[in-house]
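Q: I've got a fold open on my screen and I'd like to learn how to read it. Could you walk me through it, starting with charges and rings?

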Amino acid sequence: MTQSNYIPKGAASFKIARVAAPCVFDFVLLPKLTMLALSAAIEPLRVANQISQQELYRWRTMTPGGAPVRCSNNLSLEADAPLGPPARGARAFICSGVEPADTIDPVVTQWAARQAAHGTPVGAICTGAFTLARAGLLRGRTFTLHWENQPAFVEAFPDLVPTPNLYEVDGDLMTAAGGSASTDLMLSVIEEDYGHDFALVVSDMCLHGRSHSTHAPQKTARSAVIGSRNRHLIAAMRLMQLNLEEPLSVEEIASEVGISKRQLERSFTQHTALSPRRYYTDMRLARAYSLLSETDLPIAEIAAATGFGGTSAFARAFRAKFDTAPGKFRKRW
């Protein structure tokens, strides 16, 4: 690529101070990598360059020998360069996807260990954590990978425990669970580099509803229940969704769906790792989060619309969930 390839034309703009040199990212591609996760990592960097009309970021892809790599969707990608020394000051990411235990490449594993030993930050996207674990780079670190592959990872590396979060930043170690979580991770990098307002414009250009929390889970409790096909729990969740403004009691919900309170509590714990009351509160807080982000409703009205009654109770619950007060959260937007 030439330099101009990193700065596409666009209508949106955001003026920031001129930078002396771009930050560089090297993406090492393994067979069957997830294309969504890779593009979700690169696109925010491209958008940042586009709206600033500066080369804030530069990136390239590498594979052993520079050979093309076939993604999990059966499309083939041409690498920019063969696997070699990272660019000066670069941050590297190992990009993997489906069948990660079978696609680990010893050459890439050795490369990752060697670069980390020489001070290059080496992270992982989607299931790239398998390679980092094999390279000995995850001991004592906080990291994540896609929820679907976590059971196999723990089986292979029982002394390493991934988090359920979208992404993790532990010092110079960055890991993203894959999919659009890669965008969340890169937006956190862009915000650290150029500020919240700039990152927010990049997020809007990506049409991405940013998490804003490093502790956002990959998998919703509701998706787990739907996957379980537990009709009582699905019915209970629908009741909760229809009664956010005037919450029902756990006893009322259990009666409506035709099971005992104890059965309902046991089922929620089994499938969501939450009590019915906690799940209901989180559902109401998710609605409040949306109203704070997308409307100009007074906080008192949002508290009433989500069943908290007073602003004090709402503020306590919101702060406990999102680590910030409702008013401060709204100001960020």
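A: Sure. A charge sits over a ring if NZ of Lys or CZ of Arg is within 6 Å of the ring centre and within 35 degrees of the ring normal. Keep in mind that this is a predicted model.

Q: Which ring faces does Arg284 lie over?

A: Start with Tyr280: Arg284 lies over its face, at 5.9 Å from the ring centre. Arg284 also lies over the face of Phe308, here at 4.2 Å from the ring centre.

Q: Does Phe308 have a ring partner too? What kind of pair is it in?

A: For ring pairs, planes under 30 degrees apart count as stacked, over 60 as edge-to-face and the rest as tilted. Phe308 and Phe314 make a tilted pair, with 5.5 Å from centre to centre and 45° between the planes. Both Phe308 and Phe314 are buried.

Q: How many aromatic pairs are there?

A: The count comes to 19 aromatic pairs. One of them joins Phe268 and Tyr279, again tilted, at 5.5 Å centre to centre and 50° between the planes. That pair links distant parts of the chain: Phe268 belongs to helix α11 (residues 261–272) and Tyr279 to helix α12 (residues 276–294), eleven residues apart.

Q: Why does Tyr279 count as buried?

A: Buried means under 20% relative accessible area. Tyr279 has 7% relative accessibility, so it counts as buried. Phe268 is buried as well, with a relative accessible area of 0%.

Q: Which rings are linked into a cluster?

A: Ring pairs tie Phe14, Phe25, Phe27, Tyr57, Phe93, Tyr194 and Phe198 together into a cluster.

Q: Now the sheet. In what order do the strands run?

A: The general idea: strands of a sheet pair through backbone hydrogen bonds, either parallel or antiparallel. Here, seven strands make an open sheet with mixed pairing, in the order β5-β2-β1-β6-β7-β9-β8. At the edges are β5 (81–82) and β8 (167–170), each pairing on one side only.

Q: In what sense do β7 and β9 pair?

A: Parallel: strand β7 (residues 122–125) and strand β9 (residues 173–176) pair that way over two bridges. To find the spot, look for Ala124, which stands opposite Thr175 in β9.

Q: And which strands do helices α1 and α6 lie across?

A: Helix α1 (residues 35–52) lies across β1 (23–29), β2 (57–63), β6 (91–95) and β7, running at about 155° to β2. Helix α6 (residues 181–194) lies across β1, β2, β6, β7, β8 and β9, and runs at about 145° to β9.

Key: Residues numbered from 1 in each chain as written. Predicted model: local features only at pLDDT ≥ 70, side-chain atom pairs only at ≥ 80, totals over all residues. Heavy atoms only, no water. Pairing = 2+ DSSP bridges. Helix = DSSP H or I, 4+ residues; strand = E, 2+ residues; numbered from the N terminus. Contact = heavy atoms within 4.5 Å. Axes fitted to C-alpha atoms, helices over the stretch in contact; angles between N-to-C directions. Phe/Tyr/Trp six-rings, centres within 6.5 Å; stacked < 30°, edge-to-face > 60°. Buried < 20%, exposed > 50% of the residue type's maximum accessible area, 1.4 Å probe, protein only.
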